[in-house]
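Let's take a walk through this structure, one piece at a time. Have the 3D view open and follow along.

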Amino acid sequence: VRPKGCRLVALLTDFGLKDPFVGMMKAVILSRTRSPVSFLDLTHEVPAQDIRCGAFFLRAAAPYLPAGTLVVAVVDPGVGSARRILYARSGQMRFLAPDNGLLSWVGEDRPFEQVRWVRNRKLALPCASATFHGRDWFAPVAAACLSGLPSSDFGPGVRSIVRLPTPRFERFPGMVRGEVISWDRFGNCWTSLRLKDLPPGGAVFFKGRSLGPLRHHYAQVASGRPLAVAGSFGFVELSVRDGDFAGRLKAGRGDPVLYKFQPS
Amino acid sequence: VRPKGCRLVALLTDFGLKDPFVGMMKAVILSRTRSPVSFLDLTHEVPAQDIRCGAFFLRAAAPYLPAGTLVVAVVDPGVGSARRILYARSGQMRFLAPDNGLLSWVGEDRPFEQVRWVRNRKLALPCASATFHGRDWFAPVAAACLSGLPSSDFGPGVRSIVRLPTPRFERFPGMVRGEVISWDRFGNCWTSLRLKDLPPGGAVFFKGRSLGPLRHHYAQVASGRPLAVAGSFGFVELSVRDGDFAGRLKAGRGDPVLYKFQPS
Amino acid sequence: VRPKGCRLVALLTDFGLKDPFVGMMKAVILSRTRSPVSFLDLTHEVPAQDIRCGAFFLRAAAPYLPAGTLVVAVVDPGVGSARRILYARSGQMRFLAPDNGLLSWVGEDRPFEQVRWVRNRKLALPCASATFHGRDWFAPVAAACLSGLPSSDFGPGVRSIVRLPTPRFERFPGMVRGEVISWDRFGNCWTSLRLKDLPPGGAVFFKGRSLGPLRHHYAQVASGRPLAVAGSFGFVELSVRDGDFAGRLKAGRGDPVLYKFQPS
């Protein structure tokens, strides 16, 4: 439970940290709220306009956020076009994001109880730009959320939102086929192979090469060797111990990853 | 209005995030203040020693900061030399910065009511280094500001401060000539063409090439096409939709940007 | 003195800022504490798995942290293996870190009064992963620290911890030999030559080249010239004015740095 009167805003964007974009968003939120606000930066280095990666990060991080968190997610290649801004609520969590698929996967695990199209112009900054909705729309709407404005004032209810295709997870006799979703700065690849949906005792294959059984930590193989790990986000991850899997095995988004096992 | 007893320090530096410099500055501020302090990082990735870019960011961000913010800006190639440290006040905003031009443009929009030369050695850390004034001078002086020390204790009043040349904005019949100031991590270029000073209906030219009329969002042109956008900082910006303008058109600081229009 | 009821957690990791790892750690800490928590990011860009650099940063930053700070340091190539997690206390400072040498040098200046092996599984997240102890062990243990859990509940006392070799500092008649430890993003090199252990009046040599006497600021030499500076971390630093020492002089970790002086 968050301390009373202290609200948490979790931010996820592709704005980067070189420019003052994130700082300006936070400045607007702080300017328009009376009680203290804390910020939790999930990341601002989502690859530019990579909605898919942003959606994956949101799904990974959401289960760990404190109850009552307001998540503001802005990876928004369609900024200024007709794409909608969404307000979505799921239990004690609230989300603001463009309607472009960014909320696809966080919504898989926790269905939204309410979704609204944020289009009340009175909530935006006066003279809102068409290119920086993070500052001119998302930030003041976030401040309105924090200040207790009823969500019915944001705009009309929404029946269906844009959803990305679910990452590949295909079952065959003795095999599951998933795919590479993205990778971190060490070159470790995230895949769509969710651990809890895999039968035990199998082995992972990538580009015709066996990576062996699922390991629990890197030290189970020699330095420089590739391996498949039961990853911390709840999915199979591909790594090279003390090395860069994505670089060395030339892994790309969507590349198939196979999990083969003895059919029961 | 900021909540009582909670003070906001906005930081802008070229210290980067790889080293613990920014953390050490914040540690000193927190060590020397009693009531809670919040930090707002505008950016710490100003290109190394690029006073011009820092000054541009400060002007862009300042109007969005909450009243009462203390801005600490350190882009300081002359650290340790005879350059002065400035305290400047404008309404409810206070600034600490080296006297090297960094406050040039933020002061254009909001003239300073008071400027002082911070040279009271009792305010610095004992054994202050000559190379890290962010930690040894700016941070403890910021803490003194937050703790309510009268500004007259900082040092003597200052009549005139170092100012950068105003970025080019030259009017001709049917044309305004500005220049490229800097660019963001997507390659979008900031120019000195302030939107409110341009007559309507014109078109933007760069290196002899027309970028067409001012657009309101990227989606108004096809993917891969260059365009000129009415930017979110209040200036013309140059972009390539889904691409990198600075890289592809080899834009450099100071390159001329023309806005041509039908003289009335 | 920190305000009552507001606790400070200083973080140092090699997790980087591209991925939501740091955000997830903070989310877990916030989820499990009742009174307000503030975070101080020392850096999350320690070079991947560079324990030596992390240890150097910790030593440099620790003296500036407010009394009562909890330091959580995670540079942890052995995550998931048998390496221990340590809780260490020194005066009002507390530390959580893997037992891999990361606390070697911070402990030189301030000996630990108590060290424990954190192995109480009840403190970890249920279903803790083997690859992300930052989130699954360090964060909930940090929350337990902040909530006042007695340290005896963490695990058994520890007699000796893993220590890195002390960086070279060898005295000869008329000479001290140190080494390059690491460098910052400007290319300035940190060395093991501690200022307070050097006799006055000497000169610094690197790769057979004299860098002249110790300077107090960069402006004491012409632009483009290499120099040795009495650095802000309390050690000799090697720089090129307006340039990149590490790049231009091809400095590597462990390269000898000599300080020659007139023997008394």
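## The sheet in chain A

In what order do the six strands of the open sheet in chain A sit? Keep in mind that we're looking at a predicted model. Going across the sheet, the order is S2-S1-S3-S5-S4-S6, and the pairing is mixed. At the edges you'll find S2 and strand S6 (114-117) of chain A, each of which pairs on one side only. Ignoring direction, neighbouring strands in this sheet are turned by 20° against each other on average.

Now zoom in on one pair. In chain A, strand S3 (residues 70-74) and strand S5 (residues 93-98) are joined in the parallel sense by three bridges. Look for Val71(A), which has Phe95(A) of S5(A) opposite. There's also a helix packed on this sheet: H4 (residues 133-146) of chain A. Helix H4 touches strand S1 (7-13), S2, S3, strand S4 (85-90) and S5 of chain A, and its direction makes about 170° with that of S3(A).

## The sheet in chain C

Over in chain C, six strands make an open sheet with mixed pairing, in the order S2-S1-S3-S5-S4-S6. Why is one side of strand S2 (37-43) and of strand S6 (114-117) of chain C left without a neighbour in the sheet? These two strands stand at the edges and have a single partner strand each, so there is nothing from the sheet on the other side. Direction ignored, the average turn between neighbouring strands here is 20°.

For a pair that runs antiparallel, try strand S4 (residues 85-90) of chain C and S6(C), which are joined by four bridges. Tyr87(C) sits opposite Arg116(C) of S6(C). Two helices are worth finding as well. Helix H1 (residues 21-31) of chain C packs on the sheet, touching strand S1 (7-13), S2 and strand S3 (70-74) of chain C, at about 155° to the direction of S2(C). Helix H2 (residues 51-61) of chain C lies across S1, S2 and S3 of chain C and runs at about 150° to S1(C).

## Where chain A meets chain B

Time to look between chains. Chain A puts 33 residues into its contact with chain B, and chain B puts in 31 residues. About 2600 Å² is buried between the two, with carbon and sulfur atoms giving 62% of that area. Which element gives the most to chain A's side of this contact? That's helix H1 (residues 21-31) of chain A, with eight residues.

Sort the residues on chain A's side and you get 15 nonpolar, eleven polar and seven charged. Between chain A and chain B there are zero salt bridges, while four residue pairs are in polar contact.

## Where chain A meets chain C

Here 31 residues of chain A are in contact with 33 residues of chain C. The two chains bury about 2600 Å² between them, and 63% of it is on carbon and sulfur atoms. On chain A's side, Tyr64(A), Arg185(A) and Ser232(A) lose the most area to chain C, together making up 26% of what that side buries.

How many salt bridges are counted between chain A and chain C? The count is zero, though there are four residue pairs in polar contact. S2(A) gives the largest share of chain A's side, four residues. That side divides into 20 nonpolar, five polar and six charged residues. One last thing to spot is H1(C), which lies across S1 and S2 of chain A and runs at about 145° to S2(A).

Definitions and conventions: Residues are numbered from 1 along each chain as its sequence is written. Chains are lettered from A and ligands numbered from 1 in the order in which they are written. This is a predicted model: local features need pLDDT of at least 70, side-chain atom pairs count only at pLDDT 80 or more; totals for chains, interfaces and linings use all residues. Side-chain values use heavy atoms; hydrogens and water are left out. Contact means heavy atoms within 4.5 Å. Buried area is the accessible area (1.4 Å probe) that two parts lose on being put together, summed over both. A salt bridge is a side-chain nitrogen of Lys or Arg within 4 Å of a carboxyl oxygen of Asp or Glu. A polar contact is a pair of N or O atoms within 3.5 Å; within protein, one must be able to donate a hydrogen and the other to accept it, and residues adjacent in sequence count only if both atoms are side-chain atoms. Ala, Val, Leu, Ile, Met, Phe, Trp, Tyr, Cys and Pro count as nonpolar, Asp, Glu, Lys and Arg as charged, and the others, Gly among them, as polar. Two strands pair if DSSP finds at least two bridges between them. Axes are lines fitted to C-alpha atoms, for helices over the stretch in contact, and angles run from 0 to 180 degrees between N-to-C directions.
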